[in-house]
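Work through the exercises below with the structure at hand. Try each task before reading its solution.

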Amino acid sequence: MALSQVSRSVRLLLGQIQRCRPALLSNQTARCLSQAASQPEPSADENEAVNPTFVNRNPRNLEQMALAVKDRGWKTTWPHREFYHRLMFSRSQHHVTAQVFSSCSPIPVLSCSSKEWAVKKELASTNCVAACQAVGEVLAHRCQQAGITRMVYRVIPWTYRSDSVQSFRAAMKAGGIILSEPRRKYIGT
């Protein structure tokens, strides 16, 4: 604010000097340099004006406040579609994989697998309970770095009690990830 006032004053002063230069060249008195410039008063309406083409620079702020719309999908689909971020955990015969999906894209936002060399070289086996825990710890760290701290995790009911799933969930929770999302807030108009 002060910088704009200074630049405005400099522009006004330069304008006065250019207007008075012919008078100085003809040996007349330089009375115009001593005159005070009248500055228009800023109106209060300028400060309260809102740009009609407002662009939200943080597209996730509505979901962090639980105000964004969740796609509900069909009641008969499983897993349910009502989420902002969903965690998918799969365990095959040879590897363990975990992925985080956004509600608007079928491509995973974040993923971690025991196929990755950095994870694989620290493990004795790539499909044991320790591998599930390591994948959970690495994915939790990546989620924290990406700013995703809450997500939906609905495990297949008959695999919920297995040691691998329990160690994965414990590693995610120990990493600071909350495995549930807040209910959507509805604001009445």
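## Exercise 1: The sheet

Task: Give the strand order and the pairing sense of the open sheet of 3 strands.

Solution. The strands run in the order β1-β2-β3, and their pairing is antiparallel. β1 and β3 are the edge strands; each has a single partner, so one side of each lacks a neighbour in the sheet. From one strand to the next, the twist averages 15°. Note that this is a predicted model.

## Exercise 2: Pairing and connections

Task: Over how many bridges does β1 pair with β2, and over how many does β2 pair with β3?

Solution. Start with β1 and β2. They pair over 7 bridges, in the antiparallel sense. L87 stands opposite V100 of β2. A hairpin of 4 residues makes the connection from β1 to β2.

Now take β2 and β3. This antiparallel pair has 5 bridges. T97 has S113 of β3 as its bridge partner. F101 stands opposite P108 in β3. These two strands also form a hairpin, with 5 residues between them.

## Exercise 3: Enclosure of β2

Task: Is β2 largely enclosed or largely open?

Solution. Apply the cut-off: buried means under 20% relative accessible area. In β2, 6 of the 7 residues are buried, so the rest of the structure largely encloses this strand.

## Exercise 4: Helices against strands

Task: Which strands does α6 lie across, and which helix packs on the sheet, touching β1, β2 and β3?

Solution. α6 lies across β1 and β2. Its direction is at about 140° to β1. Turn to the other helix. α5 packs on the sheet and touches β1, β2 and β3. The direction of α5 makes about 150° with that of β3.

## Exercise 5: The nonpolar core

Task: Find the residues that touch the most other members of the largest nonpolar core, and say which element gives the most to this core.

Solution. The core has 25 residues. Those touching the most other members are L87, F89, L139, M151, Y153, F168 and M172. At least two residues each come from β1 (85–91), β2 (96–102), β3 (108–113), α5 and α6 (163–174). α5 gives the most, with 7 residues.

Look next at F168. Leaving aside residues up to four places away in sequence, F168 touches L87, F89, A98, C132, V135, G136, L139 and Y153. As background, nonpolar side chains in soluble globular proteins tend to be buried together.

## Exercise 6: The salt bridge

Task: Which side chains meet in a salt bridge, and why does the pair tie together parts apart in sequence?

Solution. The structure holds 1 salt bridge. E116 and R142 form it through their side chains, at 2.8 Å from N to O. E116 sits in the loop between β3 and α4 (117–120), while R142 is in helix α5, so the pair links parts 26 residues apart in sequence.

Check accessibility next. E116 has a relative accessible area of 24%, so it is partly exposed. R142, with 26%, is partly exposed too.

## Exercise 7: A146

Task: Place A146 in its helix and list what it touches beyond four places in sequence.

Solution. A146 lies in α5, which covers residues 129–146. Beyond four places in sequence, A146 touches R60 and L110. L110 is 36 residues from A146 along the chain, yet their C-alpha atoms are 8.6 Å apart. Finally, classify A146. Its relative accessibility is 39%, so A146 counts as partly exposed.

Conventions. Residues numbered from 1 in each chain as written. Predicted model: local features only at pLDDT ≥ 70, side-chain atom pairs only at ≥ 80, totals over all residues. Heavy atoms only, no water. Buried < 20%, exposed > 50% of the residue type's maximum accessible area, 1.4 Å probe, protein only. Contact = heavy atoms within 4.5 Å. Core = buried A, V, L, I, M, F, W, Y, C linked by side-chain atoms within 4.5 Å. Pairing = 2+ DSSP bridges. Axes fitted to C-alpha atoms, helices over the stretch in contact; angles between N-to-C directions. Salt bridge = Lys/Arg side-chain N within 4 Å of Asp/Glu carboxyl O.
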